[in-house]
Amino acid sequence: MKLKLPPWSQNWGSFLKKYQYVLLVALVGAVLLLLPTGERPEPDTPAPASEQIFRLDDLEERLEQALSRIEGAGTVHAVLTLKSGSRQILAQTIERESGGGSTYAPVTVGRGTGSQEVVPLQTLAPEFQGALIVCQGGGDPAVRLNVLQAVSALTGLGADKISICQGG
């Protein structure tokens, strides 16, 4: 008995030559789909900066940790005061009245559960009023200058609004 091969198997070489680029692209695509992307969702992903809630205590703690790493600063305690806290600018609708007056109402969006939320346009950062930094190396002029520049860079305060004292 003689096996009869299908007609396309006899011209295998011409088939591969004719469709070599199509097969190559399909093979590369399959390999790329199987490669890991390296991105894994983390369960405790922090909220984007625009959604984070400003907490003065957290900022003071982070400032203390950063300043204590300055050479010669030693243990650092920071106190920040605010002129104004963070606030949001909300989207508003304007309704013109026949008497020439206008009324403003915040734009709200329904969330499907019967609740509505306002639409924020912009979140403004808090404005600092002053800073007091107490550190062990506060008596050294070089340390004072480094701490002053760091606090100024982080808070936007001028040198006249930052007080640096030596502590024990």
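Before we start, one working definition, because I will lean on these words throughout: a residue is buried under 20% relative accessible area, exposed over 50%, and partly exposed in between. And please keep in mind that what you see above is a predicted model.

Let me put that definition to use straight away with Asp58. Its relative accessible area is 37%, so Asp58 is partly exposed. Its side chain meets that of Arg55 in a salt bridge, 3.2 Å from N to O. Arg55 comes out at 49% relative accessibility, so Arg55 counts as partly exposed too, since the exposed class begins over 50%.

How many salt bridges does the structure hold? Two. Side chains of opposite charge can pair when their charged atoms come close. The other pair is Lys83 with Glu127, where the closest N and O atoms are 3.8 Å apart. Lys83 sits in strand β1 and Glu127 in strand β8, so this bridge ties together parts that are 44 residues apart in sequence. As for accessibility, Lys83 is exposed at 55%, while Glu127 is partly exposed at 40%.

While we are on β1, have a look at Ser84, which lies in that strand as well. Leaving aside residues up to four places away in sequence, Ser84 touches Pro126 and Glu127. Ser84 and Ala125 are 41 residues apart along the chain, and their C-alpha atoms are separated by 8.9 Å.

Now let me step back to the whole chain. We have five helices and nine strands. Reading along the sequence, the order is α-α-α-α-β-β-β-β-β-β-β-β-α-β. Of the 168 residues, 14% count as buried. The chain exposes about 13400 Å², with carbon and sulfur atoms supplying 56% of that area. Among contacts with a separation of 6 or more, 64% are between residues 24 or more positions apart.

On to the helices, and I would like to begin with α5, residues 141–155. This helix has 15 residues and reaches 21 Å from its first C-alpha to its last, close to the 21 Å expected at 1.5 Å a residue. Which residues of α5 are buried? They are Val143, Val147, Val151 and Thr155. These four cover an arc of only 75 degrees around the axis, which puts them on the same side of α5. The general rule behind that kind of pattern is a familiar one: an α-helix has 3.6 residues a turn, so residues three or four places apart point the same way. On the other side of α5, Pro141 and Ala153 are exposed.

What covers the buried residues of α5? The cover includes α4 (56–67), β1 (76–84), β8 (127–135) and β9 (162–166). You will recognise β1 and β8 as the strands that hold Lys83 and Glu127.

Just after α5 comes Gly156, with a positive phi near 80 degrees. Gly156 belongs to the loop between α5 and β9, and it is exposed, with a relative accessible area of 63%. The C-alpha atoms of Gly156 and Gln129 are 9.8 Å apart, with their positions 27 residues apart along the chain.

Next, α4. Its 12 residues should span 16 Å at 1.5 Å a residue, and its end C-alpha atoms are 16 Å apart, which agrees. Buried in α4 are Glu60, Leu63 and Leu67. Seen down the axis, these residues fall within an arc of 65 degrees, so they line one face of the helix. On the other side of α4, Asp57 and Arg62 are exposed. The cover over the buried residues of α4 includes β1, β8 and α5. So the two helices appear in each other's lists: α4 helps to cover α5, and α5 helps to cover α4.

Finally, a look at the surface. Tyr21, Leu24, Leu27, Val28, Val31, Leu32 and Leu35 form a nonpolar patch there, with about 730 Å² of accessible area together. Leu24, one of its members, has its place in helix α3, residues 20–34. Is Leu24 buried, exposed or partly exposed? At a relative accessible area of 48%, Leu24 is partly exposed, because exposed starts over 50%.

That is my tour of the model. Thank you all for listening, and I am happy to go back to any of these places with you.

Terms used
Residues are numbered from 1 along each chain as its sequence is written. This is a predicted model: local features need pLDDT of at least 70, side-chain atom pairs count only at pLDDT 80 or more; totals for chains, interfaces and linings use all residues. Side-chain values use heavy atoms; hydrogens and water are left out. Patches are made of residues with over 30% relative accessible area and no salt bridge: like charges are joined within 9 Å, nonpolar side chains (Val, Leu, Ile, Met, Phe, Trp, Tyr) within 5 Å. Accessible areas come from the Shrake-Rupley method with a 1.4 Å probe; for residues, only the protein chains shown count as cover. A salt bridge is a side-chain nitrogen of Lys or Arg within 4 Å of a carboxyl oxygen of Asp or Glu. Buried means under 20% relative accessible area, exposed over 50%, partly exposed in between (1.4 Å probe, protein chains only). The expected span of a helix is 1.5 Å times one less than its number of residues. The arc is that of the directions from the helix axis to the C-beta atoms. Contact means heavy atoms within 4.5 Å.
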